[in-house]
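Trainee: Please take me through one part of this structure closely. I would like to follow how its strands are arranged and what surrounds them.

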Amino acid sequence: MKTLVIGADGFIGRTVCRVLGTDREVIVGARALVHGRSSAQYVDLLQPSSITAVLAKVQPDVVINCAGVVTAAGSSTNTAMTGNLLQAVLKSGLDIYSIVICGSASAYGPVRPEDLPVHESKQLGAVSVYGLDKVREESLGRLYRYSFGIPVVTARIFNPVGAGMPGRQLLPSICRQLQQWKAGRRERLEVTRLDTPRDYLSAIDVARAVSALAYGQPREFAYNVGSGQETSNGELLQRVFTLAGVHDVPPVDQTSSAAELPVASKADTNTINSEFGWTTEVALDDSILEVLHETVR
């Protein structure tokens, strides 16, 4: 099947292209040059004309939308981008096999510890700007799936890590601070809270899940993509120290005195596992090492 990956210049998009590219006909779509991809197509999901043009040119069987904005305060950018894509697909009249949206576990909002691991059936209750945007994005996907017959499915991704992840995220920040401490340019490391837990998994495993949803026949609209394991910030720090060979560990300050709201920190992945046999294969330590090695270079 001919597959168009939009947002192929981003962290998840690059990983999806790498995983699929071994045995699939993959066309990358991005707003910027994608190195090593001479056939890359320009597409900007905020410019509907560019979506129409790339669909007409490529005529894909599968569309995977990895494009997204995480830090646009007060924005509905993700909703707008996905809405433009789905409308263009509807108008194109193409016989699309599947459209995969890269959603986020942030759509769940606060999740009580007794509701973990969180299942897809839990009502979405996002409170953050980003989480609310992802909820609206999912609502559009449901509309096009159930009202217009467009085969949309959402991968509700938890916390992907690995080579090429954005430097502002926690793991690269810890690795960067550690290198600064080892070089004598920093006396202490900083994290918001040591007790905050998250569900981390390799971006490669995310790409494998996206592939399963794209080329299978998903019965549901949304699927959790996580490890099913909680790792606190404190535990993540200790794993970084161990993998970096640091025995005399640096002092760590917490920058927030208030505990964070409980979130979707542990995924129930029974749905994707039972339908597709998907489970994580890459150890968290391997992904941490990838980020450590990038930081050292």
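Mentor: Let's start with a rule: two strands pair if DSSP finds at least two bridges between them. A strand itself is a DSSP run of E with at least two residues, and strands are numbered from the N terminus. Residues are numbered from 1 along each chain as its sequence is written, and side-chain values use heavy atoms, with hydrogens and water left out. Keep in mind that this is a predicted model, in which local features need pLDDT of at least 70, side-chain atom pairs count only at pLDDT 80 or more, and totals for chains, interfaces and linings use all residues.

Now for the sheet. Seven strands make up an open sheet, and if you walk across it the order is S3-S2-S1-S4-S5-S6-S11, with parallel pairing. At the two edges stand S3 (41-42) and S11 (222-225); each has a single partner strand, so one side of each is left without a neighbour in the sheet. In general, strands of a sheet pair through backbone hydrogen bonds, either parallel or antiparallel.

Let's walk inwards, starting at S1. This strand covers residues 2-6, and four bridges join it to S4, residues 62-65, with the two running parallel. To see the pairing in your viewer, find leucine 4, which stands opposite valine 63 in S4.

Threonine 3 is also worth a stop, since this residue is found in S1. Threonine 3 is buried (buried means under 20% relative accessible area, with a 1.4 Å probe and protein chains only), and its own relative accessible area is 0%. What is threonine 3 in contact with, leaving aside its neighbours within four places in sequence? The list is Leu20, Glu25, Val26, Ile27, Val62, Ile64 and Tyr215, where contact means heavy atoms within 4.5 Å.

One of those contacts, Ile64, leads us to the next pairing. Four bridges join S4 to S5, again in parallel. Here isoleucine 64 has valine 100 in S5 as its bridge partner.

S5 spans residues 98-104, and seven of its seven residues are buried. Try turning the model to look at each face in turn. On one side you will find Ser98, Val100, Cys102 and Ser104, and on the other Ile99, Ile101 and Gly103; both faces are covered. Moving on across the sheet, six bridges join S5 to S6 (residues 152-157), and these strands run parallel too. One place to look is serine 104, whose bridge partner in S6 is isoleucine 157.

Cys102 on S5 raises a last point. Cysteine 102 counts as buried at 9% relative accessibility, and cysteine 66 also counts as buried, at 14%. Why are these two cysteines not bonded to each other? The closest cysteine sulfur to that of cysteine 66 belongs to cysteine 102, and at 3.8 Å this is too far for a bond. Seen from the other end, the sulfur of cysteine 102 has its closest cysteine sulfur in cysteine 66, again 3.8 Å away and too far for a bond. A disulfide is a pair of cysteine sulfur atoms within 2.5 Å, and by this rule the count comes to zero disulfides.

To retrace the walk, go from S1 across its four bridges to S4, from S4 over another four to S5, and from S5 by six bridges to S6.

Notes: Buried < 20%, exposed > 50% of the residue type's maximum accessible area, 1.4 Å probe, protein only.
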